[in-house]
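Dear colleague,

I am passing on the structure below, together with some notes for a reader who has not met it before. Please keep it open while you read, since the notes go from one part to the next.

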2 protein chains.
Amino acid sequence: MRTEIKLFKALSDTNRIRILKMLEVRPLCVCEITEILGLAPSTVSKHLSLLRDTELIGDIKEGRWVNYHLQAGADDERVQQLLNLLAEWLPEDKIIKSDQQKAGEVDRNILCAS
Amino acid sequence: MRTEIKLFKALSDTNRIRILKMLEVRPLCVCEITEILGLAPSTVSKHLSLLRDTELIGDIKEGRWVNYHLQAGADDERVQQLLNLLAEWLPEDKIIKSDQQKAGEVDRNILCAS
DNA sequence: ACTTCATTTCGTTATATGGCGAAATATACA
DNA sequence: TGTATATTTCGCCATATAACGAAATGAAGT
């Protein structure tokens, strides 16, 4: 039961839902997500590691950046089921739509180190 | 987004998951659930009112008892989707199976006021 | 090796959550 | 009306969680 609870807990936070919905657009690095959410980098990092623990997302290092992405073909079927649900949800949410638009536009080379 | 977070929060607790899985067997009153979970009645009541707030469950008064039941045909499609997922999950969980067996056996007339 | 900068880890703080017992409420029955 | 009992509400406590800033880590380029 532990796994199920961890999954639902991971999804019980507005900022983590925003992150997952952004990642539906494309993989993003920490500083891009940080910019969109307007939180401290350390806070975002903690959210991301919590999401990674559940296998809802995965990460790939690319130079000094770490790209986070939705775990499309997750081992655990429950992860996939929840990501599928989430993909159908919140299509009209103002914040989510704005986040997703920004996710499509942000450029880490301009954004970061500024 | 508020609704979605509330739903996931409601599902983020072991005892609330146990309650929902018990209610898959049949409607139960507070004292029956209390007996199976081994918690204080006030604690169980709080869990139930939280679940009711999300429309995952509903209640019907029957004399001095209040019967709680899964919200089979919930207005909100998301509620139904989550209940459907949960119905597929945890088929082999020891605690859940034990709870469900007890749910089938308990008799409020013997159980309560004892 | 040194610097830069993205990311993570750590320590702290404020709030949220889950638990209990006691008291309040509501319903049946004498 | 009064009693019994199921449930809820309230106040309290311990723990969990989300946020921050500062310090540590790791990879790129000088």
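In this predicted model, A:Asp59 has A:Tyr68 as its bridge partner in β3(A). That pair belongs to a longer arrangement, in which strand β2 (residues 57-62) of chain A and strand β3 (residues 65-70) of chain A pair in the antiparallel sense over six bridges. β2(A) and β3(A) form a hairpin that leaves two residues between them, and in the turn A:Gly63 has a positive phi of about 60°.

In chain B, the strands can be followed as a sheet. An open sheet of three strands runs in the order β1-β3-β2 (chain B), and the pairing is antiparallel. The edges are taken by β1 (28-29) and β2 (57-62) of chain B, each of which has a single partner strand, so one side of each is left without a neighbour in the sheet. As for the shorter stretch of pairing, β1(B) and strand β3 (residues 65-70) of chain B are joined in the antiparallel sense over two bridges, and there B:Cys29 stands opposite B:Asn67 in β3(B).

B:Asn67 deserves a closer look. Is B:Asn67 buried, exposed or partly exposed? With 18 other C-beta atoms within 10 Å, B:Asn67 is partly exposed, because a residue counts as buried at 20 or more such atoms and as exposed at 12 or fewer. Leaving aside neighbours within four places in sequence, B:Asn67 is in contact with B:Pro27, B:Leu28 and B:Cys29, and also with B:Asp59, B:Ile60 and B:Glu62. B:Arg26 lies 41 residues from B:Asn67 in sequence, while the two are 9.7 Å apart in space, C-alpha to C-alpha.

Turning to the helices, α3 (residues 30-37) of chain A has A:Val30, A:Glu32, A:Ile33, A:Thr34 and A:Ile36 as buried residues. The buried residues of α3(A) pack against several elements of chain A, namely α2 (14-23), β1 (28-29), α4 (41-53), β3, α6 (94-105) and α7 (108-111). After α3(A) comes A:Gly38, whose phi is positive, near 70°.

The nonpolar interior is the next topic. Which residues touch the most other members of the largest nonpolar core? Of the 48 residues in that core, they are A:Leu23 and B:Leu23. Not counting residues up to four places away in sequence, B:Leu23 touches B:Leu28, B:Ile57, B:Tyr68, B:His69 and B:Leu70.

Finally, there is the matter of how the two chains meet. The contact takes 17 residues from chain A and 16 residues from chain B. On the side of chain B that touches chain A, the elements giving two or more residues are α1 (2-10), α2 (14-23) and α5 (77-88) of chain B, and α1(B) gives the most, with four residues. By kind, the residues on that side of chain B divide into nine nonpolar, three polar and four charged.

The chains are also related by symmetry. A turn of 180° and a shift of 0.0 Å along the axis lay chain B on chain A with an RMSD of 0.0 Å, which is the relation of a two-fold axis. The same surface serves both copies, in that 100% of the contact residues of chain B recur in chain A. Among the residues of chain B, B:Phe8 comes closest to the rotation axis, at 2.7 Å (C-alpha).

With kind regards

Key:
Residues numbered from 1 in each chain as written. Chains lettered and ligands numbered in written order. Predicted model: local features only at pLDDT ≥ 70, side-chain atom pairs only at ≥ 80, totals over all residues. Contact = placed C-beta atoms within 7 Å. Nonpolar A, V, L, I, M, F, W, Y, C, P; charged D, E, K, R; others polar. Core = buried A, V, L, I, M, F, W, Y, C linked by C-beta atoms within 7 Å. Least-squares fit on C-alpha atoms with pLDDT ≥ 70 in both. Pairing = 2+ DSSP bridges.
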